[in-house]
Amino acid sequence: MTPRPALNRSLLALTGIVLLGGGLLVLFAGLDLYRRHDLVPPAGWPLTTPADVLLGSADRARWSSQGWWWWPAVIAALVLTALLALWWLLAQLSRRRPGSLPVGGTPPQEGVELRDRALSDAIAAGAGALPGVEHAAVRITGRPAHPRARVRLTLTPEGAPGATLAALCDGPLRTARRSTGIPGMPTEVRLKSVRHKPHRAE
């Protein structure tokens with residue numbers, strides 16, 4: 001899982017937990033479930049009866065000697081929350097992958113297009129077959145007219161980074177650029193080496 005989806009899922013899970021907890025708190029108080037089922041909430045627990053409010057007038061007045069600040073502060077907080085939620089939604093809707101790549105340059109020849117996942121799988125298959133490579137993962141990002149490739153290679157303990165990088169550029173990457181007709185496709189390559197497993201002498 002890449003960092004971006006992991007962060008998104010974590011934020012969604014945290015938001016869901018907060019909303020679920022707040023909803024249950026309001027539900028228990030609104031339906032007076034504590035009294036009906038003889039439940040004793042913890043000391044200082046908010047919203048235990050239908051007549052309770054989350055923040056009373058005395059609590060609001062304690063923070064300021066003037067009463068005019070309260071509603072502007074609430075409105076500003078709601079507007080800020082709405083703007084942050086809108087920004088996050090737009091960030092999720094923006095495409096980070098090109099989807100389809102034109103074959104033969106831009107515009108595409110006779111409407112022929114190549115899916116970015118197919119290209120990344122082809123590059124990964126070619127890179128994984130290189131000597132000294134244990135695992136390869138490729139992701140195509142950017143716009144259709146200006147795609148970018150991100151390659152992650154896991155090298156075997158005997159793999160040489162320099163030779164592997166040269167073989168990658170002369171092999172799978174060159175084939176991909178020639179096949180798509182995009183010679184200037186920038187590529188970011190990250191190499192990681194697998195450590196030797198310790199041997200136990202008996």
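In this predicted model, D32 sits in the loop that joins α1 to α2 (33-36). Most residues other than glycine have a negative phi. D32 departs from that pattern, with a positive phi of about 55 degrees although it is not a glycine. The residue counts as buried because its relative accessibility is 12%, and the cut-off for buried is under 20%.

A second loop residue makes a useful companion to this one. D38 is found between α2 and α3 (57-62), and this aspartate, too, has a positive phi of about 55 degrees without being a glycine. Its surroundings can be read from its accessibility: D38 has a relative accessible area of 69%, so it is exposed.

Turning to the helices, L20 belongs to α1, which spans residues 3-30. Its relative accessibility is 54%, and therefore L20 counts as exposed. Together with L24, L27 and L31, L20 makes a nonpolar surface patch of about 350 Å².

Helix α1 also takes part in the second largest pocket, where α1 and α4 (70-93) each supply at least two lining residues. The volume of this pocket is about 200 Å³. Its lining consists of L11, L12, T15, T81, L84, A85, W87 and W88. Helix α4 makes the greatest contribution to that lining, giving five residues. In terms of residue class, six of the lining residues are nonpolar and two are polar, while none is charged.

How values were computed:
Residues numbered from 1 in each chain as written. Predicted model: local features only at pLDDT ≥ 70, side-chain atom pairs only at ≥ 80, totals over all residues. Heavy atoms only, no water. Patch = residues over 30% accessible without salt bridge, like charges linked within 9 Å, V, L, I, M, F, W, Y side chains within 5 Å. Areas by Shrake-Rupley, 256 points an atom, 1.4 Å probe, with all protein chains shown as cover. Salt bridge = Lys/Arg side-chain N within 4 Å of Asp/Glu carboxyl O. Helix = DSSP H or I, 4+ residues; strand = E, 2+ residues; numbered from the N terminus. Buried < 20%, exposed > 50% of the residue type's maximum accessible area, 1.4 Å probe, protein only. 1 Å grid on protein atoms, 1.4 Å probe; cavity = no way out; pocket = protein on both sides within 12 Å on 5 of 7 lines; lining within 4 Å. Points joined across faces, edges and corners; volume = space filled by probe spheres on them. Nonpolar A, V, L, I, M, F, W, Y, C, P; charged D, E, K, R; others polar.
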